[in-house]
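The following exercises ask for a reading of one structure, from its salt bridges to its helix packing and core. Each task is followed by a solution in steps.

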Amino acid sequence: MTKRKSPPVKLEDKATGGRGRVFIDPGILRGLAEIQCTVEEAASVLGVSKRLLLRRFEDADIKEIWESGQAVGKVAVRRQMYRHMKMA
């Protein structure tokens, strides 16, 4: 069995030395939230730890992206349920 490769982690430039800040793509994060991924699943796809992703949710912009994506996903599920109910 071959080991699955982790997605490449992009680091933001850091002028003060040390490891740079990991870049989390807002588009991918929103898409994962829309399909109702758990935080663990999203972290795995993004190539970061669950802990790091939870810390990033302390940033209002990242948290807003996640929450709005989840809301859009919930509406999509409800819409499909409604369509299915009308067909029955």
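**Exercise 1. Salt bridges**

Determine how many salt bridges a search of the whole structure finds, and characterise each pair.

*Solution.*

Step 1. The search of the whole structure returns two salt bridges, where a salt bridge is a side-chain nitrogen of Lys or Arg within 4 Å of a carboxyl oxygen of Asp or Glu. The model is a predicted one, in which local features need pLDDT of at least 70 and side-chain atom pairs count only at pLDDT 80 or more, while totals for chains, interfaces and linings use all residues. Residues are numbered from 1 along each chain as its sequence is written, and side-chain values use heavy atoms, with hydrogens and water left out.

Step 2. One salt bridge joins the side chains of E34 and R30, at 3.1 Å from N to O. The two residues are four apart in helix α1, which means that about one helical turn separates them; helices (H or I, at least four residues) and strands (E, at least two) are DSSP runs numbered from the N terminus. E34 is partly exposed at a relative accessible area of 30%, and R30 is partly exposed, also with 30%. The classes are buried for under 20% relative accessible area, exposed for over 50% and partly exposed in between, with a 1.4 Å probe and protein chains only.

Step 3. The side chains of K50 and E40 form a salt bridge at 2.9 Å, N to O. K50 belongs to helix α3 and E40 to helix α2, so this pair ties together parts that are 10 residues apart in sequence. K50 is partly exposed at 39% relative accessible area, and E40 is partly exposed at 42%.

Step 4. As a general principle, side chains of opposite charge can pair when their charged atoms come close.

**Exercise 2. Helix packing**

List the elements of the chain in order, then describe how α1 packs with α4 and with α2.

*Solution.*

Step 1. The chain contains four helices and zero strands, and its elements run α-α-α-α from the N terminus on.

Step 2. The axes of α1 and α4 come within 7 Å and cross at roughly 35°. Axes are lines fitted to C-alpha atoms, for helices over the stretch in contact, and angles run from 0 to 180 degrees between N-to-C directions. This crossing is right-handed; a crossing is right-handed if the near helix is turned clockwise from the far one by less than a right angle, and left-handed if anticlockwise.

Step 3. From α1, the residues P26, L29, R30, L32, A33 and E34 meet I62, I65, W66, S68, G69, Q70, V72 and G73 of α4. By class, this contact has eight nonpolar, four polar and two charged residues. Here Ala, Val, Leu, Ile, Met, Phe, Trp, Tyr, Cys and Pro count as nonpolar, Asp, Glu, Lys and Arg as charged, and the others, Gly among them, as polar.

Step 4. α1 and α2 pack at an angle of about 145°, with axes 10 Å apart, and the crossing is right-handed. I28, L29 and L32 of α1 and A42, V45 and L46 of α2 make the contact, which has six nonpolar, no polar and no charged residues.

Step 5. Q36 is found in the loop between α1 and α2. Although Q36 is not a glycine, it has a positive phi of about 65°. Q36 is partly exposed, with a relative accessible area of 33%.

**Exercise 3. The nonpolar core**

Identify which helices supply the largest nonpolar core, and trace the contacts of I24 and L52.

*Solution.*

Step 1. The largest nonpolar core has 16 residues; such a core is a set of buried Ala, Val, Leu, Ile, Met, Phe, Trp, Tyr and Cys residues joined through side-chain atoms within 4.5 Å. Those with the most contacts inside it are I24, L29, L46, V48, L53, F57 and W66.

Step 2. α1 (26–34), α2 (39–46), α3 (50–56) and α4 (60–87) each supply at least two residues of this core. The largest share, four residues, comes from α2.

Step 3. Not counting residues up to four places away in sequence, I24 touches L29, L46, L52, L53 and R56, a contact being heavy atoms within 4.5 Å.

Step 4. L52 lies in helix α3 and is buried, with a relative accessible area of 15%. Leaving aside neighbours within four places in sequence, L52 is in contact with V22 and I24. The C-alpha atoms of L52 and V22, 30 residues apart along the chain, are separated by 9.1 Å.
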